[in-house]
Amino acid sequence: MITLGRRREIIQTATSAALTGPHDGLALDIIELIRQHNLRLAFVPLQRLYGAYIPSQSGNAGILIHNRQPRGLQRFTAAHELGHHLLHGGTAALDDSDALFDETSHTSEQEAQLFAGHLLMPLPYIAAAARLANVAHFETLTAEQAYTMAGLLDVSYKAAITQMHVTEMITPTLRNSLLGQRPSDVAQRIAFGEKVAMFTRAWAVRPDTASVASRVGVGDDIAITLPENRTTGYRWFIDSGDAVDIPYDEFTLDASTGADQDGSRRVGAGGERRLIVRPSRRGPWQAHLTYAPVHQREDPAETFTLTGSAVTTPQLEWNTRRIDRFLERTTTTE
Ligand SMILES: [Zn+2]
């Protein structure tokens with residue numbers, strides 16, 4: 001059991017590290033934070049372990065992360081191991097699923113769990129993620145909203161729901177009902193029923209809710225829904241560079257307009273254009289959308305631009321940044 005005083009101390013340590021730490025949008029840059037603490041970091045196959053903390057009498061202590069896990073889980077494990085370093089510096093830790101998530105674990109594991117939760121999801125950031133996900137009340141939080149919040153914070157669906165439960169934002173009943181849904185099913189609903197690839201996320205984007213994901217990963221599906229009334233001669237056109245794939249592009253009539261099965265429709269029928277935009281490589285990407293007459297694309301009635309910088313797996317980020325720093329050092333000494 002963690003005493004109340006210790007609990008408060010850990011939450012304060014984690015929250016202040018979170019609020020002053022490096023960020024990309026609402027997502028803590030845990031890789032950079034670990035580097036700032038002069039810890040070694042390695043991504044290796046760990047069998048049944050998710051991660052480990054290795055203290056050191058001489059030189060740098062280190063963190064090991066299982067190399068074949070989704071990004072959110074790797075980030076949560078990294079935060080947990082940083083917790084061991086800051087809270088229990090001299091002691092090694094080997095962490096399996098129970099150590100990371102089980103409420104009945106040893107006190108040191110409970111402490112690292114508490115630290116990781118508040119480091120990646122401090123209360124002000126949960127509130128900000130909820131606003132971006134259009135959550136009016138936590139009592140009515142939907143699986144799609146929880147999934148979007150998890151994406152904005154770059155944690156797993158399960159971690160986000162667990163944190164909202166331990167901070168008493170949602171009831172045990174709501175937690176259980178949300179955890180009863182598989183994140184891959186929630187993602188598929190967001191991506192117009194298309195299956196979303198393993199280790200990637202889906203993001204819902206509408207022009208009226210410009211809360212575009214700031215933390216889009218390579219291979220993520222950005223599902224865009226746009227109103228399109230083809231009877232007016234207008235269409236949405238998309239211009240995107242080579243950093244983006246468009247694996248899905250469909251037009252559907254509104255159900256309410258009474259379209260026939262064979263595709264014929266009443267005059268004035270509105271519809272929806274549905275597109276999936278998928279960043280194909282690390283770094284900046286853009287998709288520029290214009291709503292214009294079919295034969296007059298240069299005269300759009302509306303425009304809508306999505307931009308971002310696609311992130312990749314923590315291990316590729318870690319390695320790429322090491323190479324970047326090495327190149328910076330060697331070029332400045334020339
Ligand atoms: Zn642990």
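# Exercises on a three-domain predicted model

In this chain, strands β8 (residues 221-228) and β11 (residues 271-279) run antiparallel and are joined by seven bridges. Strands here are DSSP runs of E with at least two residues, helices are runs of H or I with at least four, and both are numbered from the N terminus. Two strands pair if DSSP finds at least two bridges between them.

Some ground rules before we start. Residue numbers start from 1 along each chain as its sequence is written. The model is predicted, so local features need pLDDT of at least 70 and side-chain atom pairs count only at pLDDT 80 or more, while totals for chains, interfaces and linings use all residues.

## Exercise 1: the partners of β11

Work out which residues stand opposite L275 of β11.

Solution. Start with β8: I224 has L275 as its bridge partner in β11. Now go to β10 (residues 244-253), which pairs with β11 in the antiparallel sense over eight bridges. From that strand pair, D249 stands opposite L275.

## Exercise 2: the chain as a whole

Describe the overall make-up of the chain: its secondary structure, its box and its burial.

Solution. Count elements to begin with: there are eleven helices and 13 strands. Next, the box: along the principal axes, the C-alpha atoms fill roughly 75 × 60 × 35 Å. Then burial: 35% of the 334 residues count as buried. A residue is buried if 20 or more other C-beta atoms (placed from the backbone) lie within 10 Å of its own, exposed if 12 or fewer, and partly exposed in between. Last, contacts: of those with a separation of 6 or more, 63% are between residues 24 or more positions apart. A contact here is two C-beta atoms, placed from the backbone, within 7 Å.

## Exercise 3: where domain 1 touches domain 2

Which helix gives the most to the side of domain 1 that touches domain 2?

Solution. Set out the domains: domain 1 is 4-120, domain 2 is 124-189 and domain 3 is 199-315, with bounds from an automatic or database domain assignment. The centres of domain 1 and domain 2, taken over C-alpha atoms, are 22 Å apart. Eleven residues from domain 1 and twelve residues from domain 2 make the contact. On the domain 1 side, α3 (71-87) and α5 (107-120) each supply at least two residues. The biggest giver is α3, with five residues. By class, that side of domain 1 has six nonpolar, three polar and two charged residues. Nonpolar covers Ala, Val, Leu, Ile, Met, Phe, Trp, Tyr, Cys and Pro, charged covers Asp, Glu, Lys and Arg, and the others, Gly among them, are polar.

## Exercise 4: an open sheet

Explain why β3 and β6 each have one side without a neighbour in the sheet.

Solution. Write down the order of this four-stranded open sheet, β3-β5-β4-β6, with mixed pairing. β3 (40-44) and β6 (93-95) are the edge strands, each with a single partner, so one side of each is left without a neighbour in the sheet. For a closer look at β6, take its pairing with β4 (residues 51-54): the two run antiparallel, joined by three bridges. G51 has D95 as its bridge partner in β6.

## Exercise 5: α8 and what follows

Is α8 largely enclosed or exposed?

Solution. Tally the helix: seven of the ten residues of α8 (157-166) are buried, so α8 is largely enclosed by the rest of the structure. The buried residues are Y157, A159, A160, I161, T162, Q163 and M164. Their cover includes α3, α5, α6 (123-132), α7 (143-153), α9 and α10. Move on to E168, in the loop between α8 and α9 (172-179). Its phi is near 60°, positive in a residue other than glycine. E168 counts as exposed, with 9 C-beta neighbours inside 10 Å.

## Exercise 6: two crossing helices

At what angle do α7 and α10 pack, and which residues meet?

Solution. Take the geometry: the angle is about 100° and the axes are 10 Å apart. Axes are lines fitted to C-alpha atoms, for helices over the stretch in contact, and angles run from 0 to 180 degrees between N-to-C directions. That makes α7 roughly perpendicular to α10, a label for angles of 65 to 115 degrees (under 35 is roughly parallel, over 145 roughly antiparallel, the rest oblique). Then list the residues: A143, E144 and Y147 of α7 meet P183, V186, A187, R189 and I190 of α10. This contact has six nonpolar, no polar and two charged residues.
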